[in-house]
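Reader: I'd love a close look at one part of this model, the place where the two chains meet. Could you walk me through that part and then show me what lies around it?

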There are 2 protein chains.
Amino acid sequence: MEKVCVLGAGGTKYGKLEDSISDIAIQASAEAIESAGIQPKEINAGYISNVFGVADKQVHLGPVIMSNLGIPEKPSLTIESACGSGSVSFREAFANVAAGFYDAILVTGVEKITHTGTEWTTTYFSYCSDFFYEGQAGASFPGLFASMALAYLTEFKATEEDFAEVAVKNHDNGLLNPKAHLRKKITIEDVMKSPVVASPLKLYDCCPFSDGASSVVLCSEKFAKEHSKDYIHVIGSGRGGSPAALQGREHMTTIPSTKIAAEAAYKMAGITPKDIDFAEVHDCFTVAEIIDSEDLGFFEKGKGVQGVREGQTKRNGEIPLNPSGGLKSKGHPIGATGVGQVVEVFEQLTGKAGERTVKDARIGLTHNFGATGASCAVHIFQSV
Amino acid sequence: MEKVCVLGAGGTKYGKLEDSISDIAIQASAEAIESAGIQPKEINAGYISNVFGVADKQVHLGPVIMSNLGIPEKPSLTIESACGSGSVSFREAFANVAAGFYDAILVTGVEKITHTGTEWTTTYFSYCSDFFYEGQAGASFPGLFASMALAYLTEFKATEEDFAEVAVKNHDNGLLNPKAHLRKKITIEDVMKSPVVASPLKLYDCCPFSDGASSVVLCSEKFAKEHSKDYIHVIGSGRGGSPAALQGREHMTTIPSTKIAAEAAYKMAGITPKDIDFAEVHDCFTVAEIIDSEDLGFFEKGKGVQGVREGQTKRNGEIPLNPSGGLKSKGHPIGATGVGQVVEVFEQLTGKAGERTVKDARIGLTHNFGATGASCAVHIFQSV
């Protein structure tokens, strides 16, 4: 297997964007290619991740992006795994470079959805659940994660204030991220007083609906060495699945796909959770970050809240989570999110993260899932 | 690289189906797994191809399918490349088995769209064009292919009756396919008298909108040998792209992505077009089959019509095209189409094609593209 590297990264701001889905995808792609210090023609293929192209009247995004980059002859495809699309697309590109099918691949995630309005966005997103059992019964994602949150509060010694602490931390991180959607300092009180969305989750426990595009260039080590010093290694990659509907799960306070994907990624990398210096994890709701932190092996089951209380997951803590601001503050343009996590790790490990730099970090992890974790991908990166 | 095999194949009838998108995908998947003579738990991953899950309120199809097969822990993803989704999904699965990441992969293509009605289906499909330049200007696919047809008629010595001949041939083949959508014998006169859709293309020059699901099991040769005698080898795989909008093409009578993908596939297989015994090609409109037959190297440019007139592309001709009935008669459930082509090749090369068997066939080719050929994949298969 070829050693795989991330050579460049770029992206738009996350938030409510005016440009079309194609335009923001092209902007992100061009930025990643420029960051990689290469010409578009050196790219062999485009792996696009997107869920609701229909909402902006453009599916089959790959050829539009490749054509606008001046490389229409290069193959492309779009990959969808709900909110985990970005990392799954990254995984496929990784597999193709590792296998030697391609030397350099553009991975671009994009979503343009906010113009449809909150009701339509919620409706579209519900199509990512097991719609027969969940979406059509009115169980959209805030409700589903509220069920998990309630189970967590019941099963472990946790409080709603613990959840709020995650939001406060991620907003603090997002303040330092110029591309974050919600750049606003908040307090525990702000979270506790925000409107209830689905009890026990309140508005500030939820990530926003965002537009945005993120992009990275993935390549073989040989290609990387020929083009730049600013690259990082992909040392682990894992995927897993969970029962599509929550009703099929044995437990509500763990996500099986995270454990399966993480185990595979740690095994490939030959490391343990203790070796991870920081992680970008899927905090679509505050409770999710706590569950993730346990399923990824950073804390024992039920002890994730302890880590939050003690500040261990802050940027200067023992295991910083979401230094980018996470989905909660940086935003969640669903097709882009998993790619955006890789952008953050690239910037952290190549000294480009500015004020939000995690000190002395050498190994970073990304964790991104679809729906309530029905699909998941975990990747591990190491600085050169 | 591991040698890759197709071990089993199955699928629903193509047409107007009543069951949900999930249900037809599960039916096809279960049939392919049974055909492979394996248990679902022996599958390592699910590669789903689908374009408009939104239309039936279910995207993130993978986990729903895997959960219903009793293997929720296995990873899955959905791949979209417009009407070429099925073959692109197959290509990704091929790459993963060839690279040794997985031993056995389920590839299932599905579309459920006819319930939205002709106007909405046409609108949805137009999102697969370069919408900024084409779809929003009213150039939906019949219009775009009519432009190509007009260019072909102008540039070469061809007539509308030549196009009609393709429809007649494919309907003759579809009559022998119990799963085909349009099982109806037609004559040249029927085609010529059918209503004009976009001049010079008439209704019977166009494939139908279809629902349907097709599925195959892809695996390593070692896995295949342990499980069955009825498998075939994948000996070539190629992908390519073209400018997304027709206006970006140098010529209107050739599809660059087909040539690029075919060249790569022939090279991998170490063969030439002369070695192909039959092919399933992308005949979304009659003119497309003629253009495909030239771009794939079966005929010189402009000579494809000659082949049609002489009956060379009939089931008993020198290079039979679309023995299944093709998109024209078998139907075109867009996410399923490319996988359905592989199902046909599997059945032809393992003696399961019944009355529509191509005599003495050992090597078959599939050719499937998205939109007006902005993306394309070609695969070549050989009997054991």
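Author: Happy to. Strand S3 of chain A and strand S3 of chain B, residues 76–80, are joined by 3 bridges and run antiparallel. Within this pairing, A:Ile79 has B:Ile79 as its bridge partner. Please keep in mind that this is a predicted model.

The strand pair belongs to a wider contact, in which 51 residues of chain A touch 51 residues of chain B. On the chain A side, the elements that give two or more residues are helix H2 (61–68), strand S3 (76–80), helix H3 (85–98), strand S8 (232–241) and helix H9 (256–269). Sorted by class, that side holds 27 nonpolar, 17 polar and 7 charged residues.

How do the two chains relate to each other? A rotation of 180° with 0.0 Å of shift along its axis lays chain A on chain B, with an RMSD of 0.0 Å. The two copies are therefore related as by a two-fold rotation axis. Both copies use the same surface, since 100% of the contact residues of chain A recur in chain B.

Now to helix H3, taking the copy in chain B. Its 14 residues, 85–98, should span 20 Å at 1.5 Å a residue, and the end C-alpha atoms are 20 Å apart, which agrees. In H3 of chain B, 14 of the 14 residues are buried, so this helix is largely enclosed by the rest of the structure. After H3 of chain B comes B:Gly100, which has a positive phi near 85°.

In chain A, H3 has a further role in the contact between domains. Chain A is divided into domain 1 (4–116 + 210–232) and domain 2 (138–207 + 234–383), and the C-alpha centres of these two domains lie 23 Å apart. Here 37 residues of domain 1 of chain A are in contact with 37 residues of domain 2 of chain A. Strand S1 (4–11), H3, strand S4 (104–111) and strand S7 (212–220) of chain A each supply at least two residues of the domain 1 side. H3 of chain A gives the most to that side, with 8 residues. By class, the domain 1 side comprises 16 nonpolar, 16 polar and 5 charged residues.

Strand S8 deserves a look too, again in chain B. S8 of chain B, residues 232–241, is mostly covered, with 8 of its 10 residues buried. Strand S1 of chain B (residues 4–11) is joined to S8 of chain B by 3 bridges, and the two run antiparallel. There, B:Val6 has B:Ile232 as its bridge partner. S8 of chain B is also joined by 9 bridges to strand S11 of chain B (residues 375–383), again antiparallel. In that pairing B:Ile232 has B:Ser383 as its partner.

S11 also leads to strand S10, which I'll describe in chain A. S10 of chain A (residues 363–370) and S11 of chain A (residues 375–383) are joined by 8 bridges and run antiparallel, with A:Leu365 opposite A:Ile380. The hairpin of S10 and S11 of chain A has 4 residues between the strands, and A:Ala371 takes a positive phi near 60° there. Strand S9 of chain A (residues 278–280) is joined to S10 of chain A by 3 bridges, and these two run parallel. A:Glu280 stands opposite A:Thr366 in S10 of chain A. S10 of chain A is mostly covered, as 8 of its 8 residues are buried.

Technical notes
Residues numbered from 1 in each chain as written. Chains lettered and ligands numbered in written order. Predicted model: local features only at pLDDT ≥ 70, side-chain atom pairs only at ≥ 80, totals over all residues. Contact = placed C-beta atoms within 7 Å. Nonpolar A, V, L, I, M, F, W, Y, C, P; charged D, E, K, R; others polar. Pairing = 2+ DSSP bridges. Domains from an automatic or database assignment. Least-squares fit on C-alpha atoms with pLDDT ≥ 70 in both. Expected span 1.5 Å × (residues − 1). Buried ≥ 20, exposed ≤ 12 C-beta atoms within 10 Å, placed from the backbone.
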